[in-house]
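Subject: Structure handover

Hello,

Here is the structure I promised to pass on. Please load it before reading further.

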Amino acid sequence: TSLNGAVASYTSYVPADPSNPNYGNQGIDDVFGHGTVAAQVAAGRSVTGFRGGVAPGAMLHVARVCRDSDGLCLGNPVITQATRDLLARSVRIFTQS
């Protein structure tokens with residue numbers, strides 16, 4: 001994919017739920033695809049049929065704060081913690097998609 005080699009770090013802030021694997025998906029896979037598309041627009045590498053994102057050399061630091069089961073984001077305390085963690089990693093630009 002166009003994101004191969006672009007992910008520097010990944011953290012899930014969504015609690016796992018063994019009864020519904022999509023609820024607390026701990027993997028980097030994005031069931032709905034919105035976050036993946038946003039990441040490709042930002043930092044996607046050039047691949048067949050895709051010229052690359054606006055910053056194709058950028059490295060991504062992914063923070064999952066939304067559930068895959070219904071797309072619901074976990075609210076301000078979780079998003080605030082994810083933002084603090086990203087800033088602590090010296091991430092300068094980020095999108096919440």
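Below is what was found, from the whole chain down to single residues.

Overall picture

This is a predicted model. The protein chain has 97 residues, and 26% of them are buried. Two helices and two strands make up its elements. Starting at the N terminus, their order is β-α-β-α. Take the contacts with a separation of 6 or more: 57% of them join residues 24 or more positions apart. The accessible surface is about 6200 Å². Carbon and sulfur atoms hold 56% of that surface.

The nonpolar core

Which residues form the largest nonpolar core? There are five: L3, A6, A39, A43 and L60. Two of them, A39 and A43, fall within α1 (34-43). L60 falls within β2 (60-64). Leaving aside residues up to four places away in sequence, L3 touches T36, A39, Q40, G44 and L60. Two of those contacts, A39 and L60, are fellow core members.

R45

R45 sits in the loop between α1 (34-43) and β2 (60-64). Is R45 buried or exposed? Its relative accessibility is 19%, so R45 counts as buried; the cut-off is under 20%. What does its side chain reach? One partner is the backbone oxygen of A43, at 2.9 Å. Another is the backbone oxygen of P56, which lies 2.7 Å from a polar atom of the R45 side chain. A43 is also a member of the largest nonpolar core.

The contact list of R45, again without residues up to four places away in sequence, runs as follows:
- S2, N4, G5 and A6
- F50 and G52
- P56, G57, A58 and M59

A6 on that list also belongs to the largest nonpolar core.

Helix α2

Helix α2 covers residues 76-88, 13 in number. From first C-alpha to last, α2 reaches 18 Å. That is close to the 18 Å expected at 1.5 Å a residue. Which residues of α2 are buried? They are A82, T83 and L86. Seen down the axis of α2, these fall within an arc of 100°, so they line one face of the helix. Their cover includes β2. On the other side of α2, P77, R84 and A88 are exposed. After α2 comes S90, with a positive phi near 65°.

Best wishes

Conventions. Residues numbered from 1 in each chain as written. Predicted model: local features only at pLDDT ≥ 70, side-chain atom pairs only at ≥ 80, totals over all residues. Heavy atoms only, no water. Helix = DSSP H or I, 4+ residues; strand = E, 2+ residues; numbered from the N terminus. Buried < 20%, exposed > 50% of the residue type's maximum accessible area, 1.4 Å probe, protein only. Contact = heavy atoms within 4.5 Å. Areas by Shrake-Rupley, 256 points an atom, 1.4 Å probe, with all protein chains shown as cover. Polar contact = N/O pair within 3.5 Å; in protein donor to acceptor, adjacent residues only side chain to side chain. Core = buried A, V, L, I, M, F, W, Y, C linked by side-chain atoms within 4.5 Å. Expected span 1.5 Å × (residues − 1). Arc of directions from axis to C-beta.
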